[in-house]
Amino acid sequence: CLTRLCYSVAEKTGKVLGEFCRCYKEQYGVALFNSVRYEIEGNGGPQAQLLHRKVPLEDHVIYSGNLFQYIEENKKWRNRFCVVPHNYGLVLYENKLAYERDLPPRVLVNSAGYKILTSVDQYLELVNSSLPGVTPKSGHSPILKCPTDFPLILWHPYARHYYFCVMTGKEQEKWRAVFQDCVRHCNNGISEDSKVEAPAFTDAVRMYRQSKEQYGTWDMLCGNETQVLSNLVMEELLPELRTTIGPRLKGKAQERQRTWIQISDAVYRMVYEQTKVQYDAAMAKCEQERPQMESTIRTDMDQIITSKEHLASKIRAFVLPKAEVCVRNHVQPYISSILEALMTPTSQGFAEVREVFFKEVTDMNMNIVNEGGLEKLAEYMEKLSHLAFHPVKMQSCYEKMDQLKLEGLQQRFDVSSTSVFKQRAQIHMRQQMDDAVYTFETLLHQELGKLQGKDDLCKSIQRILERVLKKYDYDSSTVRKKFFREALLQITIPFLLKKLAPTCKAELAKFQELIFEDFASFILVENTYEEVVLQSVMKDIMQAVKEAAVQRKHNLYRDSMVMHNSDPNLHLLGEGIPIDWGEEYSGQPEAEPATDKRRRAKQVVSVIQDDEGVLPYKVGAEAVLQPGSPEPREPGPGAPPSSPAGVEEIREVLAKESLGDGVEAEERLTNAVPASPVPRADVPSEARVPYAAPESPAPGAETPSPSAGTACHQPSDKETGEEVAPPVGECSPPQPMGTTESGDGVQTEF
């Protein structure tokens, strides 16, 4: 049965990948032509006013701390030390000591495609729907019990699930913000720096799905190319497996659900491995042919453009009348409604980014006045420089996008979910925040040599802040308008293609003869047809966004407002060596040894101080075992309580710890508040300092915010969420099903 399953999975994967690679090869030539043409002709948009940081999070850790993880293999909750390095992989260690000693981690998770759930009921609902007809009866124990009221569950439609819990609501909110940032970052796994491979890949995915009559947005376009293709295969393969394997599962409903999750994960891993091999081979072949193709493009550019325009004119004459009627009747009446639904939460989110940046800088300025000039500036600037990557502080910006609702429009235009647009807007918010911060610190760094004292420093900070906010207003307007146009196209074009397919698609083959054979790699009838359809609606979309810019409530610049060379030398400053505030101004004479540097790596989000002792939920001697050690022996009278084996025992331990520590336990789990009176934005409900920062003025007026972070840990190169060797002393046999060797074994995610 296992052999038959493996053969079936390999056959299906090979078939899907074969069709996809054909699409990819076709799209590669088109993308290469477009890239070379753009390089020659230019046509760039408005120049950004803010600087862009090249390496934002080098040598930093986003977050680290303790939480419980449920180990499925032995059905126990274990204390784990979780580190989120700069690449946003989730790295789980046996304990903090194992991390500091550079021992291999227990689990590495790439969270692309996952959803973060904070309710067991939410999770059970998704699990029950994953295997129709298998639902535990009322009164029976569910598939998962959580020992606290604050679970954090990572759910994936195909891969294995991860179960965590913490002690307090504040910690749950903090970890949730961190996990969501990981998902957001990992979902955006296809590099936008690639001007050929990335568009070729995404267009190939779209063309493949449209060939299967699947139009509209796709939620599982998540992660790197291999992950996306694995999702593409699983989308077709899983229903077949559910039909053939589902009825054969034995045992109680909970056991069948658990078995199904394990089977799905094992199949996903098999698909991933095969997909990686085939896709890498297809890419290598295209790269091998690229020099010859590029030479042809550069030599015959004018002829290729002429040939394409001739083809487009013929297709336009055939398609455009039908497309314009479709646009007029089915799209045009709804464009303004879609745009308004997009604009309101997006503009609120960008306004919140501006407000958070304003408050952070103003609070820093106030604290410099209270505590003394340059001595404290390095500390504050070090924290400010990573504001955009502080998941908790940025949460108030991100959550504005939760208001995005397309309602009836979602069904009309076959938009499966708004998550694609939410995450894209949130990524833009983070980038704009980092650009604003980087521009501010670059300008301030340039000014420092000219300043005479504290008063000069504070005036300079305020002046630079106002300059940066004006640049932010312009850039954020440009970014939002581009986002609105792209989102409207992403919603309407698939709808139009689906509507026009019955009358147009079958007729496209006759246009193939208009393409010269020498140029067939760079001009495709299907792509040209889509460009014509796009042109039919583009005018209405551009007009709608242009009219929206006139409305003051969205704080958009009109297209006629262009800022040219307001700071001609600013972009030259951005090309210099990255600023290290700690090294330049902290006055530390000696570099730390490598081990100490790892132990005290800079951390973006502050969590629990190193010297605060045992955590309230540190549950026993097993927490200090090295990977590969046997289970702990019974502790002596003075040792911490042993690791509970079940939910009830965990509850008792947690209750004793909470009651014993009272308020102290709560305090140890929140961010360490610095002695200086700096307002904190780590958790929205935390109390503020007596003075409050003034409200942010309207764009263009004067502009005040908090800082964060205590030092923590530096990940080694292996902590990338990609692969890891098993701990020393553990040697597992090959596992074709790809789950995990044991409850304590290494679980590698892609």
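**Notes on cysteines and cores**

1. No disulfides here: searching the whole structure turns up 0 of them. Keep in mind that this is a predicted model.

2. Why is Cys82 not bonded to its closest cysteine, Cys182? The two sulfurs sit 7.6 Å apart, which is too far for a bond, given that a disulfide needs the sulfur atoms within 2.5 Å. Cys82 itself is buried, with a relative accessible area of 1%.

3. Cys186 tells a similar story. The closest cysteine sulfur is again in Cys182, at 6.2 Å, so that pair is too far apart for a bond as well. Cys186 also counts as buried, at 8% relative accessibility.

4. On to the packing. The largest nonpolar core takes in 165 residues, and Phe20, Phe357 and Phe440 have the most contacts inside it. Which element gives the largest share of this core? That would be helix α8 (residues 301–371), with 26 residues. Domain 1 (1–56 + 190–300) and domain 2 (63–135 + 142–188) both contribute residues too, so the core lies between them.

5. Phe440 is worth a look in the viewer. Setting aside neighbours within four places in sequence, Phe440 is in contact with Phe357, Val361 and Met364, with Met381 and Leu384, and with Ile461, Ile464, Leu465 and Val468. Phe357, one of these partners, is itself among the residues with the most contacts inside the core.

6. There is also a second core, separate from the one above, made up of 16 residues. Among them are Tyr70, Leu124, Val127 and Cys165.

Note on methods:
Residues are numbered from 1 along each chain as its sequence is written. This is a predicted model: local features need pLDDT of at least 70, side-chain atom pairs count only at pLDDT 80 or more; totals for chains, interfaces and linings use all residues. Side-chain values use heavy atoms; hydrogens and water are left out. A nonpolar core is a set of buried Ala, Val, Leu, Ile, Met, Phe, Trp, Tyr and Cys residues joined through side-chain atoms within 4.5 Å. Buried means under 20% relative accessible area, exposed over 50%, partly exposed in between (1.4 Å probe, protein chains only). Helices (H or I, at least four residues) and strands (E, at least two) are DSSP runs, numbered from the N terminus. Domain bounds come from an automatic or database domain assignment. Contact means heavy atoms within 4.5 Å.
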